[in-house]
Amino acid sequence: MKQPEGKYAWTVKVGEKGQFVIPKEARDVFNIKPGDTLIVLADINRGIAIPPKNAFAHLMETIFNQNAPEEDKE
């Protein structure tokens, strides 16, 4: 089965401490480096997601409303 372009799937094993290793290919694709901080999002019905770093920045901008228009100064 051919995977769609830009779509990936990997398997990982969870260790005794609940840790898993992000596969090297995934780290390369998403430019994940040692020491990077990742965000883990979870939905009880949809599962767990680890979005790429640029999505984290966008999420923070959205949450903190960085791009909100300034109020009129009249």
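Buried residues account for 7% of the 74 residues in this protein. The model is predicted. Its fold has 2 helices and 2 strands, arranged along the sequence as α-β-β-α. Nonpolar side chains feature both in a surface patch and in the lining of the largest pocket.

**Secondary structure**
- Helix α1 covers residues 24–29.
- A loop runs from α1 to β1, and β1 spans 41–43.
- Strand β2 takes in 47–49, and a loop links β2 to α2 at 53–64.

**Largest pocket**
- The largest pocket holds about 370 Å³ of space.
- Its lining counts 15 residues, and those closest to the centre are Trp10, Ile22, Ala26, Phe30 and Ile50.
- By class, 14 lining residues are nonpolar and 1 is polar.
- No charged residue appears in the lining of the largest pocket.

**Nonpolar surface patch**
- Six side chains make up a nonpolar patch on the surface: Val12, Val14, Phe20, Val40, Ile48 and Ile50.
- Together these residues offer about 560 Å² of accessible area.

**Ile50, in patch and pocket**
- Ile50 sits in the loop between β2 and α2.
- Ile50 belongs to the nonpolar surface patch, and is also among the residues closest to the centre of the largest pocket.
- Its relative accessible area is 36%, so Ile50 counts as partly exposed.
- That 36% also passes the patch cut-off, because patch residues need over 30% relative accessible area.

**Salt bridge**
- The whole structure contains 1 salt bridge.
- Side chains of opposite charge can pair when their charged atoms come close.
- Here the side chains of Asp28 and Lys24 meet, at 2.8 Å from N to O.
- Both partners lie in helix α1, 4 residues apart, or about one turn of the helix.
- Asp28 and Lys24 are both exposed.

**Backbone at Asn31**
- Asn31 has a phi near 55°. That is a positive value in a residue other than glycine.
- Asn31 falls in the loop between α1 and β1.
- Its relative accessibility is 42%, so Asn31 is partly exposed.

Key:
Residues numbered from 1 in each chain as written. Predicted model: local features only at pLDDT ≥ 70, side-chain atom pairs only at ≥ 80, totals over all residues. Heavy atoms only, no water. Patch = residues over 30% accessible without salt bridge, like charges linked within 9 Å, V, L, I, M, F, W, Y side chains within 5 Å. Areas by Shrake-Rupley, 256 points an atom, 1.4 Å probe, with all protein chains shown as cover. Salt bridge = Lys/Arg side-chain N within 4 Å of Asp/Glu carboxyl O. Buried < 20%, exposed > 50% of the residue type's maximum accessible area, 1.4 Å probe, protein only. 1 Å grid on protein atoms, 1.4 Å probe; cavity = no way out; pocket = protein on both sides within 12 Å on 5 of 7 lines; lining within 4 Å. Points joined across faces, edges and corners; volume = space filled by probe spheres on them. Nonpolar A, V, L, I, M, F, W, Y, C, P; charged D, E, K, R; others polar.
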